[in-house]
Structure formats: structure tokens, C-alpha cells
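Colleague: Before I plan further work, I should like to discuss this structure with you. May I put some questions about it?

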Amino acid sequence: MKRTHNCNELRPAHAGQQVTLAGWVHSRRDLGGVLFIDLRDREGRTQTVFDPADLPKELFEAATKLHSESVIEIIGKVRVRPAGTDNPKIVTGQIEVLVKEITVLNHAEVLPFPVDDPEVASKVNEELRLQYRYLDLRRPEMTRNLRVRSKVATATRVFMEEQGFLEVETPTLFKSTPEGAREFLVPNRREPGSFYALPQSPQQFKQILMCAGVERYFQLARCYRDEDLRADRQPEFTQVDIEMSFIEREDLYALIEGLLKRVWKTALGQDIPTPFRRISFEEALNRYGIDKPDTRLGMELVDFTEEFRASTFKVFSGAITNGGVVKAMNAKGLAGATQGQIETMTEYAKSFGAKGLAYIKVENGEWKSPIVKFFNDAEKAALKSKLAIEEGDLILFAADQWLNACEILGKIRLYCAEVLKAQGKLTVPADRFDFLWVVDFPLLSFDKEMNRWYSSHHPFTAPMAEDVPLLKSDPKKVRGQHYDIVVNGVELGGGSIRIHRPDVQKTIFEEILQISPEETTLRFGYMLEAFKYGAPPHGGIALGFDRLIAILCATPSIRDVIAFPKTAKGVCLMTNSPASVSPRQLRDLHIEVKTAKKE
RNA sequence: GGGGGUGUAGCUCAAUUGGUUAGAGCGCUGCCCUGUCACGGCAGAGGUUGCGGGUUCGAGUCCCGUCACUCCCGCCA
């Protein structure tokens with residue numbers, strides 16, 4: 001039953017040849033006398049023609065009864081379509097195959113949802129798509145996503161190989177680490193009460209590989225995090241994991257820029273300019289109110305702390321007196337915001353602990369605002385010039401501690417962009433990709449509830465050399481040699497230059513992070529020991545492969561680029577996993593289940 | 001853990017202030033049709049309005065609970 005051609009291959013040049021095609025019945029058009037069946041396989045579609053004069057009656061009858069998505073094989077002769085019956089919509093539209101023989105390889109029952117109509121299929125309830133994922137994946141859009149994913153994976157491997165990297169597999173049965181995401185545990189049958197943990201990332205193994213002298217490691221690594229899901233987060237996901245020895249940050253930037261250049265060329269045929277912009281964490285917050293800015297949107301934040309330091313408007317001057325700042329943003333053209341939209345923005349502000357949201361609507365040459373009466377002429381003039389205020393603008397303010405004020409407006413900025421896009425007042429070309437490196441992150445953040453410092457990134461990140469003396473005296477000021485790669489407001493990945501000296505690493509664990517020496521030894525002893533026997537300076541990065549593919553496929557959800565994704569509750573609707581296990585299995589694993597009582 | 005949205009025929013959706021027999025398009029079944037490609041025409045079948053309870057003379061519609069999907073917050077070193 002070997003096919004001679006695929007369904008996207010035949011052209012007028014093949015006219016006269018006998019061919020064998022196999023595939024799915026995409027659509028059927030029964031004109032009573034003549035019958036057309038569009039046969040589809042992975043590559044495309046070909047029209048086949050059934051003429052009752054050419055076929056035994058039973059075969060023709062059988063063909064008229066075929067349901068969509070039945071699997072058939074046909075043998076027939078290629079011919080150029082009669083004049084005027086070409087179909088310019090498909091590449092095989094100039095020819096058709098006159099069927100001589102047909103074999104029904106598998107009959108399909110009536111489908112739970114249509115796969116032949118992209119308009120309808122794209123709107124089908126995702127629950128149903130996930131339950132019948134094998135049907136969903138037959139849709140050309142989904143097939144394309146799988147194809148892009150495969151091509152990018154291959155391009156990545158080829159590029160990394162060219163750059164001298166070794167792909168090394170690391171264990172997925174690992175052990176629990178004290179900080180970071182909640183982990184999936186795997187009970188150990190051989191020792192009651194002990195567990196493997198699935199890795200959140202191969203972080204420790206890749207650093208050990210540097211100690212092993214591998215020098216350049218990469219892996220398309222599966223990672224597991226038992227946290228709640230989002231459109232861009234699944235409990236199991238794939239990282240392009242990379243680690244290199246004897247490098248500085250710039251070496252890594254160049255590598256990733258080269259990789260992404262290759263990937264964009266491969267997937268989209270697009271040449272992206274390199275090097276990418278660099279922006280510090282502080283500047284990102286100051287200008288965009290977020291550490292992963294979408295720089296395509298404009299509407300940058302502007303600082304007005306000096307202008308309002310002595311203002312009679314106490315909400316602003318008071319915040320400044322308390323060590324805070326005043327920030328403002330011009331949502332260009334959004335003066336017509338509805339009460340509901342202002343309300344939504346106010347809720348964002350309140351969720352950050354602000355009391356409310358100050359704003360000015362610029363309409364009919366007037367500044368409409370509950371607060372503008374408190375501003376003097378100099379303050380108004382400063383606003384007008386620094387925010388380039390024009391008719392139709394909406395000005396939004398935040399007065400709070402620096403980080404909070406920035407983040408409030410950062411959140412509102414993204415909301416405003418959504419509203420403006422929906423109104424057609426803001427358009428972003430689909431082929432525009434704003435890449436940037438965000439650098440100079442604070443090494444540590446303070447947890448008020450636990451009253452202790454924790455790593456902003458992870459505890460292996462090296463501090464900036466010149467900031468090391470501040471580690472104990474002023475931890476807040478210490479910057480880490482950490483970097484994030486951001487594209488269009490999406491955090492594509494992050495990494496850092498690592499600590500490679502055991503004494504520094506031990507200080508971080510024990511003195512800064514307050515992990516007890518016993519715990520440190522228990523969890524990271526092997527790593528600290530490895531560092532004693534000649535650890536090269538090293539650093540690396542991990543890119544979120546699913547997010548990367550989602551961006552290339554222009555879909556907001558990584559579920560569209562994962563063959564068998566989970567729902568928001570971590571369930572696979574096709575296989576119904578997770579599921580209960582037998583008492584015997586539990587007994588073998590020394591596990592007793594205490595079922596939660598439901599009221 | 002919290003907040004928002006959705007749930008009506010196989011699919012996508014409608015159904016006025018709570019009011020007669022819950023409709024449409026596609027799909028499906030039957031019949032007709034020899035150049036269609038969203039084929040066309042005629043006829044037909046198809047409903048526990050997610051589930052449970054309540055209010056009411058009367059509930060798809062209102063109330064309470066619950067389940068599923070989804071988006072967001074928390075969380076994601």
C-alpha cells in the first residue's frame with residue numbers, strides 16, 4: 001500500500017501518471033453523478049474524482065457514503081482539470097486524480113467537532129479539543145505548530161553543535177531542593193519515606209557538568225513545577241538549557257543573539273537585528289513599570305518627584321516626604337475611557353496597596369480631573385511638556401514607594417494598551433519583535449513575612465564583583481550578574497554568571513539566605529564539594545522553549561504548541577490523568593492516603 | 001487559596017421584564033442533482049438548557065450550592 005506521492009505534490013507535469021495516494025477524507029462533494037473527495041494528508045490536499053462510469057457500482061456507492069476523516073487509499077490517474085475548474089486556493093488546484101480503485105482503510109464515525117473548517121474549528125471549546133486532541137492536531141494550524149516546534153528544535157541543536165556545545169541528558173529523578181517552586185515528588189519504593197523530586201530545572205547538574213570540564217553544555221530539558229497554571233505555564237515544560245565555562249556576560253549575550261537569529265530565520269524567514277538592546281532593571285521599571293517591558297507600546301512612564309516635592313496636593317507631596325516618588329503616564333488617546341475602565345485601573349492600583357488612582361482626562365480643551373484644582377501653573381506646565389499632553393489624552397498617576405509606583409503604572413500601561421488596541425488606536429505589526437536584555441537585577445529581595453532575604457533569581461547567581469563588599473552591610477544594593485531575555489513583553493528566558501567559589505556560595509547559603517549549615521550540606525553538599533576541586537568560572541541561561549514556539553506561532557497560549565497539554569487544574573482530558581492507583585501500588589510505595597473530607 | 005468570564009441540539013450560537021411547543025446556521029439521516037471545491041435543492045431526526053436544590057401559578061432566564069473549562073491575582077528560587 002505504498003503511497004507514490006503525498007497530497008501536496010501533484011502538478012500538471014504529473015498528468016497521465018498512475019498514482020497511489022492515502023489519507024483522510026477532508027471533504028466530499030456529491031453531485032449525484034460525479035463525486036469529488038478532497039483527500040488530505042500531512043502535506044496538503046488533493047482533489048480526487050469518482051466517475052460512476054469508471055468504477056464498479058459497489059465501490060462508487062461506498063465512496064458516496066464515506067464520512068469525513070475516514071482513511072482511504074486510492075489509485076488513479078492524474079489529469080489536468082477541465083478548463084475553468086481550477087482551484088487557485090490550493091497548490092494542487094490545477095490537477096485532480098481520477099480514481100480507479102479505492103480501499104477504505106478505516107471508516108470514521110461522525111466527528112465530535114469539525115476539523116475541516118478553520119473558521120469553526122478555531123472556535124471550538126478547548127475542553128473538547130483537548131479531549132479529542134488527535135482530531136485537533138489534524139487541523140492544519142495545529143500541524144503547522146508541531147512542525148515549527150520540530151524545526152526550531154532541530155535548528156537549535158544544529159546551531160549549538162556548531163558552537164561547540166554537547167547535548168547532555170540529566171536525570172529527571174532528582175531530589176527535593178529547599179527553595180523555589182513546589183515540586184512533584186516520586187516515592188521511593190526501596191526506602192519508606194524517601195522521595196525523588198522531578199527537577200524544576202537541571203540547574204545543579206549543569207553547573208556540575210562545568211566542574212566536569214564539559215565547558216559547553218546544552219539540553220532541550222523537560223522541567224517540572226507543581227504550581228498553578230496560566231496561559232503561558234504548564235506543570236511540565238521544556239527549556240533550552242545552556243551552560244558555558246570561562247565566559248563573561250557578553251559572551252552569552254552574543255551566543256543567544258546568534259541562536260535567536262538562526263531560529264527566527266528558520267521559523268519565519270525573518271532577519272532580526274543584533275545585538276539586542278540592553279536595559280537595566282532600574283531603567284526598565286522607571287520607563288515601563290515592569291522588568292519585562294513591551295517596548296512596542298510607547299506610553300513610557302515619566303518621573304515627577306521633583307516637580308511635586310513641595311506641592312499643595314498632599315497625596316503627592318506626602319508620598320515624596322515618606323521617601324516615595326510620583327510617576328505619571330500618558331495613555332495617548334484614551335480620554336474617552338469609560339467609568340468601568342477607570343474603575344478597572346483603580347482596582348489594579350488598589351491591588352498594589354494604593355488608596356486610589358489619580359487621573360486627568362483631556363477633553364474639549366479642558367483637563368477634567370478631581371485633582372487638577374490642586375496643581376499650580378508650574379506643575380501643570382511641567383506635566384504638559386514632559387508628557388506631551390494633547391487633546392484626547394488620559395494622564396494617570398502613581399505616588400508611592402519607587403517600586404510600587406512603577407509597578408502600578410506598569411500594570412495600567414499594559415491594560416491601556418489592550419484597550420487602545422481594541423479601539424484600533426494602537427496597532428502593533430505582527431512581524432515586529434522587540435528583543436532586549438534586562439540586566440543589573442538586585443541579587444536579593446526581602447521577605448517581610450519571613451523576615452529574611454531570598455534570592456531574586458536563584459542562590460547560585462554571582463554578585464557583581466564591585467558589589468560583593470556590600471553583601472553583608474547593605475544586601476539590598478547588591479546587583480547580581482543576572483540577565484533576562486525579553487521579547488515583546490514576554491520573558492523568554494533568564495540566566496546568570498554563577499558563583500564558582502565554595503566560600504562565596506557557602507556565605508550566600510548560610511549568612512545571607514539563613515539556610516542552616518546542616519541543611520546546606522544535606523541539599524548542596526555535593527555541589528560545594530565539587531567547587532573545591534577546581535570549578536571553572538561559568539554561567540548560563542535557560543530559554544522557555546514552549547514560550548519561544550508560541551511567540552513564533554503567534555498564539556497567546558503555550559497549549560497550542562504542546563501536543564498534549566494539561567488544563568488549568570493539571571488534568572489531561574484525553575487520558576484522564578492524574579488518576580487513582582491500586583491499594584497494592586500504594587502499599588509497595590509505603591503510602592497511606594488520607595482522603596480529604598468534603599463538607 | 002481568591003476574583004472575573006463561560007456552560008442551551010454533535011459543533012458554533014440565539015431565545016424580550018420570568019410566560020405558549022427552547023430556535024438558527026453548520027453537521028447528521030433520506031431523496032434529487034455529471035464539474036464541484038463553504039457545491040446546490042427538498043424533506044426529516046436530533047434538547048435532563050452542566051449537575052443539585054430553592055423562590056414562583058410558571059425558571060434556560062431569579063437565588064443558593066456544586067462541577068468543568070478559561071483568564072487574572074497569589075504562587076512560579
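The exchange below concerns a predicted model.

Colleague: Which residues are the closest to RNA strand B?

Modeller: RNA strand B is surrounded by 48 residues. These divide into 19 charged, 15 nonpolar and 14 polar residues. The closest to the strand are Asp-30, Thr-85, Glu-96, Glu-127 and His-457.

Colleague: Which element gives the most to the surface near RNA strand B?

Modeller: Strand S1 (18-30) and helix H3 (126-131) each supply at least two residues of this surface. The one that gives the most, with three residues, is H3.

Colleague: Which residue has a polar backbone atom 2.7 Å from a phosphate oxygen of RNA strand B?

Modeller: Of the strand atoms within 4 Å of the protein, 55% belong to sugar or phosphate and the rest to bases. On the base side, a base oxygen is 2.8 Å from an N or O atom in the side chain of Gln-47, and a base nitrogen is 2.9 Å from such an atom in the side chain of Arg-230. For the phosphate oxygen, the backbone atom at 2.7 Å belongs to Ala-568.

Colleague: At what angle do the axes of helices H5 and H7 cross?

Modeller: Two packed helices are described by the distance between their axes and by the angle between them. The axes of H5 (residues 140-162) and H7 (residues 249-268) come within 9 Å. The contact includes Val-148, Val-152 and Phe-159 of H5 and Leu-255, Leu-259 and Val-263 of H7, and by class it has 10 nonpolar, three polar and three charged residues. H5 passes H7 in a right-handed crossing, at an angle of roughly 140 degrees.

Colleague: How many residues apart in sequence are the parts that Glu-69 and Arg-40 tie together?

Modeller: The structure holds 46 salt bridges. One of them joins Glu-69 and Arg-40, with the closest N and O atoms 2.8 Å apart. Glu-69 lies in the loop between helix H1 (57-64) and strand S4 (71-80) and Arg-40 in strand S2 (residues 35-40), so the pair links parts whose separation in sequence is 29 residues.

Colleague: What is omega for the cis peptide bond from Thr-274 to Pro-275?

Modeller: Pro-275 is placed in the loop between H7 and strand S11 (277-280). A cis peptide bond also joins Ser-577 and Pro-578, with omega about 0 degrees. For the bond from Thr-274 to Pro-275, omega is near -5 degrees.

Notes. Residues are numbered from 1 along each chain as its sequence is written. Chains are lettered from A and ligands numbered from 1 in the order in which they are written. This is a predicted model: local features need pLDDT of at least 70, side-chain atom pairs count only at pLDDT 80 or more; totals for chains, interfaces and linings use all residues. Side-chain values use heavy atoms; hydrogens and water are left out. Axes are lines fitted to C-alpha atoms, for helices over the stretch in contact, and angles run from 0 to 180 degrees between N-to-C directions. Helices (H or I, at least four residues) and strands (E, at least two) are DSSP runs, numbered from the N terminus. A crossing is left-handed if the near helix is turned anticlockwise from the far one by less than a right angle, and right-handed if clockwise. Contact means heavy atoms within 4.5 Å. Ala, Val, Leu, Ile, Met, Phe, Trp, Tyr, Cys and Pro count as nonpolar, Asp, Glu, Lys and Arg as charged, and the others, Gly among them, as polar. A residue is near a molecule or strand if one of its heavy atoms lies within 4 Å of it. A polar contact is a pair of N or O atoms within 3.5 Å; within protein, one must be able to donate a hydrogen and the other to accept it, and residues adjacent in sequence count only if both atoms are side-chain atoms. A salt bridge is a side-chain nitrogen of Lys or Arg within 4 Å of a carboxyl oxygen of Asp or Glu.
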